[in-house]
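Subject: Structure handover

Hello,

Here is the structure I said I would pass on. Please open it next to this message and follow along; my notes come after it.

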Amino acid sequence: MGVLDHVSEYFDCSHGDSKRHRTLQTVDVRVLIDCDGCERKVRNALEGMKGVRDVTIEPNAQKVTVVGYVEPNKVVARIIHRTGKRAELYPFVPYDVVAHPYASGVYDNRAPIGYVRNTEYDPHVSRLARASSTEVRYTTAFSDDNAAACVIM
């Protein structure tokens with residue numbers, strides 16, 4: 001490190017009351033999109049937002065993906081305010097990400113095909129859906145799919 005690096009540490013004004021730096025992130029929002037007009041209205045509301053880099057809309061999955069330097073709650077609030085539509089953070093993930101996609105509280109009839117409810121942070125979902133690796137190992141040891149695991153069967 002040079003002399004300037006040491007000196008710049010003493011005169012650094014970047015901490016404290018300065019503006020907080022945002023990180024580039026992807027925000028998924030669930031919005032009911034019926035027609036091309038709804039899609040256009042949502043796209044116009046989000047593209048005018050500061051920090052938005054890309055907006056992708058999937059009408060069949062009722063999903064809007066926003067990439068940019070934005071906060072998730074502000075994206076949802078902007079959609080609600082500008083379009084008048086009900087919006088929420090996208091609660092579904094692909095079913096192969098979840099350990100037990102058909103456990104109670106995980107499988108949802110309203111989810112698009114191939115998606116289930118995200119169970120990682122939801123305390124209302126059954127414990128089986130968030131089973132640890134040791135629990136999974138013990139529950140699958142005696143399954144019919146794994147015939148070599150137990151000789152008693």
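Cys38 counts as buried, with a relative accessibility of 12%. Cys35 is partly exposed, at 40% relative accessibility. The model is a predicted one, and all that follows should be read with that in mind.

Why do Cys35 and Cys38 form no bond? The sulfur of Cys35 has its closest cysteine sulfur in Cys38, 3.6 Å away, and that is too far for a bond. A disulfide needs the two sulfur atoms within 2.5 Å. The closest cysteine sulfur to that of Cys38 is in turn the one in Cys35, at 3.6 Å. The structure holds zero disulfides.

Confidence

The mean pLDDT of the protein chain is 76, and 59% of the residues reach 70 or more. Where is confidence lowest, and where is it highest? Helix α1, residues 3-10, has the lowest mean, 61. Strand β2, residues 52-58, has the highest, 94.

Overall layout

The protein chain contains four helices and six strands. Read from the N terminus, their order is α-β-α-β-β-α-β-β-β-α. Of the 153 residues in the chain, 31% are buried. The accessible surface is about 11200 Å², and carbon and sulfur atoms account for 53% of that area. Among contacts with a separation of 6 or more, 52% are between residues 24 or more positions apart.

Strands β1, β2 and β3

Strand β3 pairs with two others, and I take them in turn. With β1 it runs antiparallel, and six bridges join the two strands. In that pairing, Arg30 stands opposite Lys63 of β3. The pairing of β2 with β3 is also antiparallel, again over six bridges. Two of the partners there are easy to find: Val55 is bridged to Val66 in β3, and Asp54 is bridged to Val67 in β3.

How many residues lie between the strands in the hairpin of β2 and β3? There are four residues between them. Gln62 lies in this loop. The phi of Gln62 is near 55°, a positive value in a residue other than glycine.

Is β3 mostly covered or mostly open? It is mostly covered, since five of its six residues are buried.

Thr56 is in strand β2. At 33% relative accessibility, Thr56 counts as partly exposed, because the partly exposed class runs from 20% to 50%. Leaving out residues up to four places away in sequence, Thr56 touches Lys63, Val64 and Thr65. The C-alpha atoms of Thr56 and Asp28 are 9.5 Å apart, with their positions 28 residues apart along the chain.

The nonpolar core

In soluble globular proteins, nonpolar side chains tend to be buried together. The largest nonpolar core here has 18 residues, and Val29, Val31, Leu46, Val64 and Val75 touch the most other members. Which elements supply at least two residues each to this core? They are β1 (25-31), α2 (36-47), β2, β3 (63-68) and α3 (72-83).

Leu46 is a useful residue to click on. Not counting residues up to four places away in sequence, Leu46 touches Val52, Val55, Val64, Val66, Val75, Arg78 and Ile79. Among these, Val64 and Val75 were already listed with Leu46 as residues that touch the most other core members.

A loop residue

Thr23 lies in the loop between α1 and β1. Is Thr23 buried or exposed? Thr23 is exposed, with a relative accessible area of 54%; the exposed class starts over 50%. Thr23 touches Gly68 and Tyr69, again without counting residues up to four places away in sequence. The C-alpha atoms of Thr23 and Val70 are separated by 7.8 Å, although the two residues are 47 apart along the chain.

To go through the model yourself, you could begin with the pair Cys35 and Cys38, whose sulfur atoms are 3.6 Å apart. After that, follow β3, which is joined to β1 by six bridges and to β2 by six bridges. Then look at the 18 residues of the largest nonpolar core, and finish with Thr23, in the loop between α1 and β1.

Regards

Note on methods: Residues are numbered from 1 along each chain as its sequence is written. This is a predicted model: local features need pLDDT of at least 70, side-chain atom pairs count only at pLDDT 80 or more; totals for chains, interfaces and linings use all residues. Side-chain values use heavy atoms; hydrogens and water are left out. pLDDT is the predictor's confidence in each residue, from 0 to 100. Buried means under 20% relative accessible area, exposed over 50%, partly exposed in between (1.4 Å probe, protein chains only). Contact means heavy atoms within 4.5 Å. Accessible areas come from the Shrake-Rupley method with a 1.4 Å probe; for residues, only the protein chains shown count as cover. A nonpolar core is a set of buried Ala, Val, Leu, Ile, Met, Phe, Trp, Tyr and Cys residues joined through side-chain atoms within 4.5 Å. Two strands pair if DSSP finds at least two bridges between them.
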